[in-house]
Amino acid sequence: VFDKNHSLRNIKMQLNKKYFVFFSLTMLFLPVFIPSVAADTSLTDVTSRGTLIIATDATYPPFEEYNTTTEEYEGFDMDLARIICARLGVTPDIRNVDWGVIFTSLAAEQYDCIISAVTITPERELEMDFSRWYYKSQQAVMVTVANPESITTIEDVNVTGIVAGCQLGTTSDLYLDDTNATQAPYETITLAVAALETGSVDCVLGDHATLLSFIKSQPGEFE
């Protein structure tokens, strides 16, 4: 997969996140990306250091989460990160970073890359280098089993009076900007799901795989 004769920027960072009700906002995820003008991101720098410093928002199962029992980062992206590092002959140094500051922290060169279910957008491509996409995802809407607002399609969300939860700064958040729903962004998807559970929001928008993980972990509560 990786030609070690190429720069880190050209390979790993050519590495670089959905009632359920699916709708046609398809996301392409990349495991790692770096800013276009980073100072210390060559392959030589990383291999000499012996570590690849990776930023992730470990609140987004099944892609990335922190297991408090094993004290390990788990998930699809985390497995991918370890494979990348193994092929580069370095150790992963995974840092848990809030989604709200993950991109600015990367721009400030606090990390080598991000592996955190990041969606490719034209705006992000202006500031960061992306790998080839590795995961194609759809957005979805999750409701409680009771579903008091009878939300069964995405059109049901685009209604004045519907309160829709999401994670702040995600593609779901951007999508809701153009709807009639009352937007309720939360710092993490976990907080958005908790708000749905308590009735503070009528539904939650997010990546299909992530919402499905909550449905499976809390059977009988969501759909």
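Which residues do ring pairs link into a cluster? That is what I would like to go through this morning, and I should say at the outset that we are looking at a predicted model. The cluster that the ring pairs build consists of Tyr60, Phe63, Phe76, Tyr134 and Tyr135, and a search of the whole structure finds six aromatic pairs.

Let me take two of the pairs, both of which involve Tyr135. Phe63 and Tyr135 meet edge-to-face, with 5.2 Å from centre to centre and 85° between the planes. Because Phe63 lies in the loop between strand S4 (59-60) and strand S5 (64-67), while Tyr135 belongs to strand S11 (residues 135-142), this pair ties together parts that are 72 residues apart in sequence. The two partners also fall into separate accessibility classes: Phe63 counts as buried, at 2% relative accessibility, whereas Tyr135 is partly exposed, with a relative accessible area of 25%.

The other pair brings Phe76 to Tyr135, and here the arrangement is tilted, with the centres 6.2 Å apart and 55° between the planes. Phe76 sits in helix H2 (residues 76-88) and Tyr135 in strand S11, so that the pair links distant parts of the chain, 59 residues apart. Phe76 counts as partly exposed, at 41% relative accessibility.

Finally, a contact of another kind, between a charge and a ring: the charged end of Arg132 sits over the ring of Trp133, at 5.3 Å from the ring centre.

If you have the structure open, Tyr135 is the residue I would ask you to look at, since the edge-to-face pair with Phe63 and the tilted pair with Phe76 both involve its ring.

Conventions:
Residues are numbered from 1 along each chain as its sequence is written. This is a predicted model: local features need pLDDT of at least 70, side-chain atom pairs count only at pLDDT 80 or more; totals for chains, interfaces and linings use all residues. Side-chain values use heavy atoms; hydrogens and water are left out. Rings of Phe, Tyr and Trp (its six-membered ring) pair if their centres lie within 6.5 Å; planes under 30 degrees apart count as stacked, over 60 as edge-to-face and the rest as tilted. Helices (H or I, at least four residues) and strands (E, at least two) are DSSP runs, numbered from the N terminus. Buried means under 20% relative accessible area, exposed over 50%, partly exposed in between (1.4 Å probe, protein chains only). A charge sits over a ring if NZ of Lys or CZ of Arg is within 6 Å of the ring centre and within 35 degrees of the ring normal.
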